[in-house]
Amino acid sequence: MLEFREYEDKDYSSVVKLIKDSFDHDVTKIENDCNVYKLVGVLDGDIVSYLDITFCFEVIRNYRYDYINWVCVSPSTRGK
């Protein structure tokens, strides 16, 4: 069963590989930031998905908005 949980530092190498496999993009650093929420999807002990959302606040307009930066799913689990 696929389970979602918050990203932890121990997930770094799996998430970097997942981003490389999904987007052919090399990530050198995943920063911890209180304005960024990161989720990983775990299937049978393996990380198969990653989601990165940045929370933003426009002070002048007093408006909150969010950016979805990364959404990736392992090529081997897409469509399942």
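# Notebook: Lys-20 and other stops

I began with a salt bridge: the side chains of Lys-20 and Asp-24 meet at 3.1 Å, N to O. Before going further I noted that this is a predicted model.

**Confidence.** I looked up the pLDDT next. The protein averages 90, and 100% of its residues reach 70 or more. Going element by element, I found the highest mean, 96, in strand S1 (residues 3-6), and the lowest, 90, in strand S4 (residues 63-73).

**Back to Lys-20.** Where does Lys-20 sit? I placed Lys-20 in helix H1, which covers residues 12-23. Its relative accessible area is 33%, so I logged Lys-20 as partly exposed. Asp-24, one of its partners, is in the loop between H1 and S2. At 61% relative accessibility I put Asp-24 down as exposed.

Which other residue forms a salt bridge with Lys-20? I found Asp-26, with the closest N and O atoms 3.3 Å apart. Asp-26 is exposed too, at 58% relative accessibility. Through shared partners, the salt bridges tie Lys-20, Asp-24 and Asp-26 into one network.

I then listed the contacts of Lys-20, leaving out neighbours within four places in sequence: they are His-25 and Asp-26. So Asp-26 turns up both as a contact and as a salt-bridge partner, because its carboxyl oxygen is within the 4 Å that a salt bridge requires. I also checked a distance along the way: Lys-20 and Cys-56 are 36 residues apart along the chain, and their C-alpha atoms are separated by 26 Å.

**Another bridge in H1.** Lys-17 pairs with Asp-21 in a salt bridge, with 2.8 Å between the closest N and O atoms. Why are the two about one helical turn apart? Because they are four residues apart in helix H1. I have Asp-21 as partly exposed, with a relative accessible area of 40%. My search of the whole structure gave six salt bridges, among them Lys-17 with Asp-21 and the two made by Lys-20, with Asp-24 and with Asp-26.

**A lysine without a bridge.** Side chains of opposite charge can pair when their charged atoms come close. With that in mind I went to Lys-38, in strand S2 (residues 36-43). Is Lys-38 buried or exposed? I found it buried, yet with no salt bridge. Which side chain of opposite charge is nearest to Lys-38, and how far away is that side chain? I got Asp-52, at 5.4 Å. A salt bridge needs nitrogen and oxygen within 4 Å, so the Asp-52 distance does not qualify.

I wrote down the contacts of Lys-38 as well, again setting aside neighbours within four places in sequence. They are Arg-5, Glu-6, Tyr-7, Ile-30, Glu-31, Asn-32, Asp-33, Tyr-50, Leu-51 and Asp-52. Asp-52 is thus in contact with Lys-38 while Lys-38 has no salt bridge.

**Phi check.** Most residues other than glycine have a negative phi. I flagged Asp-24 here, since its phi is positive, about 50°, and it is not a glycine. This is the Asp-24 I already had as Lys-20's partner.

I flagged Asn-62 as well. Its phi is near 55°, again positive in a residue other than glycine. Where is Asn-62? I found Asn-62 in the loop between strand S3 (46-58) and S4. With 60% relative accessibility, Asn-62 went into my notes as exposed.

**Tyrosines.** How many aromatic pairs does the structure hold? I got four. In one of them, the ring centres of Tyr-63 and Tyr-65 are 6.1 Å apart and the planes are at 20°, so I called the pair stacked. Tyr-63 is partly exposed, with 48% relative accessible area. Tyr-65 counts as partly exposed too, at 29% relative accessibility.

I checked Tyr-65 against Tyr-67 next. Their ring centres are 5.6 Å apart with the planes at 85°, so that pair is edge-to-face. Tyr-67 is partly exposed, with a relative accessible area of 47%. Last entry: Tyr-63, Tyr-65 and Tyr-67 make up one aromatic cluster.

Methods: Residues are numbered from 1 along each chain as its sequence is written. This is a predicted model: local features need pLDDT of at least 70, side-chain atom pairs count only at pLDDT 80 or more; totals for chains, interfaces and linings use all residues. Side-chain values use heavy atoms; hydrogens and water are left out. pLDDT is the predictor's confidence in each residue, from 0 to 100. Buried means under 20% relative accessible area, exposed over 50%, partly exposed in between (1.4 Å probe, protein chains only). Lys and Arg count as positive and Asp and Glu as negative; His and the chain ends are not counted. Contact means heavy atoms within 4.5 Å. Rings of Phe, Tyr and Trp (its six-membered ring) pair if their centres lie within 6.5 Å; planes under 30 degrees apart count as stacked, over 60 as edge-to-face and the rest as tilted.
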